[in-house]
Amino acid sequence: MSKLVRCLLSFVILFGTVVFLSKDQSFAVASLDGGENSNTIYFTIPLNSFCSKSQVMDLSLNVTSLTNNAELSIHLFKKNGEEINTQGTSYDGIESEIIPGAPTTVKKDTTVVYHLAYGGMYENCSERVYYGKIVSNTTGSSILAGGWVDGAKGNATILINNGEPWTNKSCNSSGEGNDLVPTMTSNFTPCGQVSASTEFSSLNAAWTAFNDTIESSGRGWHTEKNITSGWLEYAFHSPQVVRAYTLQTQNSPNNTVSVARAPKTWTFEAWNGQEWIVLDSQNNITNWVYSESKKFSFTNEKAYSKYRINITANNGSVEHIVIGEMQLLPN
Ligand SMILES: [Ca+2]
């Protein structure tokens, strides 16, 4: 290859990459700005401006779920917005599992693939894939997606959310009564995120304090064994004004154990983006009764996205702190 040809080729590839990467980025960012809580993310397909009718293109998309099993669908569109439902093609042992427009389950820490060849002598440029969107139906799912196109004129990256994981933060679920926390079924589902300083076992995960269920003995959030201080936190999908919270002990037939493991001294705090702000302090709360819900109210007019109870002492157990149920309330 002559120096001149190499130089020209480099210019074409560089020019194409710069133009289309920036176009992809602006498109992805615009869709996020359009709604932080959206369950949809858009992407464009690069290189189509160089379409010649004889040119065959390969398109490949990878979608990985990072946090949990994600129910999602991928939609592909022509330049005029018409949806493309062409089933993908498998090759070299890589299966094309995704059917455009149809629901797909992406299991935690796995990847699904879509691969399609299009264009060529019998297909006009207007029939090609110009843009797409991924619609996630699982709130809290964190999805990492990307891809590439490859053809006679070169290849280019399909950039989705700037190559960063994208989390579906939409939330249509609610908790019991006026509880601002939905009925949780894991630390991430259906909305927001529960976390704790320590967890004793999977049966005692942090979310079991937000599942609207007083479970049998030994369930509910437990700190790690022989840890008798710690915090339990809920991060909302969007900021909320909390002015009260309730706490319940675990459901133990042995009330003495339930009371001993219940919190005695704590602060209830909100995260302002830089530090934890104390909204309420309680000292020496010893009068716990099995299955009773205690309510604590305070003054607050600010919407915060994260709240936690930060416990420094329980009622005498050397084993755990336990909270069977916790609610965050608007009043
Ligand atoms: Ca519970």
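# A tour of the predicted model

Start with residues 1-37: pLDDT stays under 50 over this stretch, for which the model has 37 contacts beyond four places in sequence. The model is a predicted one, and across the protein chain the mean pLDDT is 85, with 89% of the residues reaching 70 or more.

**Whole chain**

Colour by secondary structure next. The protein chain comes to two helices and 20 strands. Of its 331 residues, 36% count as buried. Among contacts in the chain with a separation of 6 or more, 73% are between residues 24 or more positions apart.

**Strand β1 and its partner**

Select residues 40-44, which make up strand β1. Four of the five residues in β1 are buried, so the strand is mostly covered. Now add residues 131-136, strand β7: β1 and β7 pair in the antiparallel sense over five bridges. To see one of the pairings, pick T40 and look across to V135, its bridge partner in β7.

**The loop after β7**

Follow the chain out of β7 to G140, which is placed in the loop between β7 and β8 (142-151). Is G140 buried or exposed? G140 has 23 C-beta neighbours inside 10 Å and therefore counts as buried, the threshold being 20 or more.

Show what surrounds G140. Not counting residues up to four places away in sequence, G140 touches T67, N68, T167, N168, F188, T189, P190 and C191. Draw a distance from G140 to Q193 as well: the two are 53 residues apart in sequence, yet their C-alpha atoms are 7.8 Å apart in space.

Two residues in that contact list deserve a closer view. The peptide bond from T189 to P190 is cis, with omega near 0°. P190 itself belongs to the loop between β10 (166-167) and β11.

**The five-strand sheet**

Moving on from P190, select β11, residues 193-196. Together with four other strands, β11 forms an open sheet in the order β11-β13-β18-β15-β16, with antiparallel pairing. Which strands stand at the edges? They are β11 and β16 (276-282); each has a single partner strand, so one side of each is left without a neighbour in the sheet. From one strand to the next, the twist averages 20°.

Zoom in on the β11 edge. Four bridges join β11 to β13 in the antiparallel sense, and the bridge partner of A196 in β13 is L232.

**The largest core**

L232 also leads into the nonpolar interior. The largest nonpolar core has 33 residues, and those with the most contacts inside it are A206, F210, L232 and M326. Several elements each supply at least two residues of this core, including β11, β13 (230-241), β15 (263-271), β18 (303-314) and α2 (255-261). Centre on A206: leaving aside neighbours within four places in sequence, A206 is in contact with N187, V194, S195, A196, E199, W221 and L232. Apart from this core lies another, of 29 residues, among them F43, L59, L61 and Y114.

**The three-strand sheet**

Now select β14 (244-248) and β20 (325-329), which are also among the contributors to the core of 33 residues. With β17, they form an open sheet of three strands in the order β17-β14-β20, and the pairing is antiparallel. The edge strands are β17 (293-297) and β20, each pairing on one side only. Here the twist averages 15° from one strand to the next. β14 and β17 run antiparallel and are joined by five bridges; as one of the pairings to display, take L247 and its bridge partner in β17, K294.

**Two loop residues with positive phi**

Finish with two backbone details. Go to D109, in the loop between β5 (104-106) and β6 (111-119). Phi of D109 is near 60°, a positive value in a residue other than glycine. D109 is exposed because 11 other C-beta atoms lie within 10 Å, and exposure means 12 or fewer.

Then select N162, found in the loop between β9 (154-159) and β10. N162 is not a glycine either, although its phi is positive at about 55°. What is the exposure of N162, with 13 C-beta neighbours inside 10 Å? N162 counts as partly exposed, since this number lies between the cut-offs for exposed and buried.

Methods
Residues are numbered from 1 along each chain as its sequence is written. This is a predicted model: local features need pLDDT of at least 70, side-chain atom pairs count only at pLDDT 80 or more; totals for chains, interfaces and linings use all residues. A nonpolar core is a set of buried Ala, Val, Leu, Ile, Met, Phe, Trp, Tyr and Cys residues joined through C-beta atoms within 7 Å. Two residues are in contact if their C-beta atoms, placed from the backbone, lie within 7 Å. Two strands pair if DSSP finds at least two bridges between them. Axes are lines fitted to C-alpha atoms, for helices over the stretch in contact, and angles run from 0 to 180 degrees between N-to-C directions. pLDDT is the predictor's confidence in each residue, from 0 to 100.
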